[in-house]
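Let's take a walk through a protein chain together, starting with the whole and then stepping inside to look at its aromatic rings. Keep the picture in view as you read.

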Amino acid sequence: MDRTRFLRNIFSFGLLSAFGCQMGNTKNGSSENKEGAKSVSDDDAIKKLKEELITAWNRSEMMTMANVEQMPKDYFTFKYTDEAMTFSEQWRHCIVFTCGQLAGRAEIENPYENVKLPVQMSKMEVIRELKNMYSFVRTSILELSESRLLSDCEFVGDTIPVWRLFYAMENHIIHHRGQCIVYLRLKGVIPKGFYGW
């Protein structure tokens, strides 16, 4: 499904109604001016998309912080096998990967480009850097232009719109957060339950 049809379905109205139609006409060879076709509902759709992304990332931060705060500080270097990452490394990886992928593919400045985080971080360092990462993501969502948000980027052998990259990065965090829930259980901590999304 192409991104215009997908977003149109999400918002239950003609997302970028005129813009979307112009995109279709352009594919059929029409050279109509897209700029003149932009309507108020297009701005509303982009605003709603950004609000949805912010909501998803706020919820992600809440669940991540609950996970991290539950782990006793003495177990941040815990790993269940020699090959596995420690609890701290799991979160370090999420921070570096998320910021690096968003910066490189959305063409924004990477806050960690010239910062080398220690391989093993303390509980307070992990919490601080996670808060920095989530702040970076929210700021990026708010500051990205409509054209950049809707533009395509390459990701794992596919071409996706940049707005979808934000969901891909959250999916990556979900994967590691799930692993960290197992770390908590292995150290005798009962993870907090999550409701909603």
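Of the 197 residues in this chain, 45% count as buried. Keep in mind that you are looking at a predicted model. The accessible surface of the chain comes to about 10,700 Å², and 52% of that surface belongs to carbon and sulfur atoms.

Now follow the backbone. The chain has seven helices and two strands. Starting from the N terminus, the elements run α-α-α-α-α-α-β-β-α. How do the contacts spread along the sequence? Of those between residues at least 6 apart in sequence, 71% join residues at least 24 apart.

Next, let's turn to the aromatic rings. A pair of such rings is described by two things: the distance of the centres and the angle of the planes. Rings of Phe, Tyr and Trp pair if their centres lie within 6.5 Å. By this rule the model holds six aromatic pairs. Take Phe-78 and Tyr-183: their ring centres are 5.8 Å apart and their planes meet at 85°, so this pair is edge-to-face, because an angle over 60 degrees counts that way. This pair links distant parts of the chain, with the two positions 105 residues apart in sequence: Phe-78 sits in the loop between helix H3 (40-70) and helix H4 (87-106), while Tyr-183 belongs to helix H7 (residues 162-186).

Are these two residues buried or exposed? Phe-78 has a relative accessible area of 18% and is buried. Tyr-183 is buried too, with a relative accessible area of 0%.

Tyr-183 also pairs with Phe-87. Here the ring centres are 6.1 Å apart and the planes are at 50°, so the pair is tilted. Since Phe-87 lies in helix H4 and Tyr-183 in helix H7, this pair ties together parts that are 96 residues apart in sequence. Both Phe-87 and Tyr-183 are buried. Step back a little and you can see one aromatic cluster, formed by Phe-76, Phe-78, Tyr-80, Phe-87 and Tyr-183.

Another ring to find is that of Tyr-75. The charged end of Lys-187 sits over this ring, 4.4 Å from its centre.

Finally, return to helix H4, where you will find Arg-92. Which residues does Arg-92 touch, leaving aside those up to four places away in sequence? They are Lys-116, Leu-117, Pro-118, Val-119 and Met-121. Arg-92 and Val-126 are 34 residues apart in sequence, and their C-alpha atoms are 7.1 Å apart in space.

Terms used
Residues are numbered from 1 along each chain as its sequence is written. This is a predicted model: local features need pLDDT of at least 70, side-chain atom pairs count only at pLDDT 80 or more; totals for chains, interfaces and linings use all residues. Side-chain values use heavy atoms; hydrogens and water are left out. Rings of Phe, Tyr and Trp (its six-membered ring) pair if their centres lie within 6.5 Å; planes under 30 degrees apart count as stacked, over 60 as edge-to-face and the rest as tilted. Helices (H or I, at least four residues) and strands (E, at least two) are DSSP runs, numbered from the N terminus. Buried means under 20% relative accessible area, exposed over 50%, partly exposed in between (1.4 Å probe, protein chains only). A charge sits over a ring if NZ of Lys or CZ of Arg is within 6 Å of the ring centre and within 35 degrees of the ring normal. Contact means heavy atoms within 4.5 Å. Accessible areas come from the Shrake-Rupley method with a 1.4 Å probe; for residues, only the protein chains shown count as cover.
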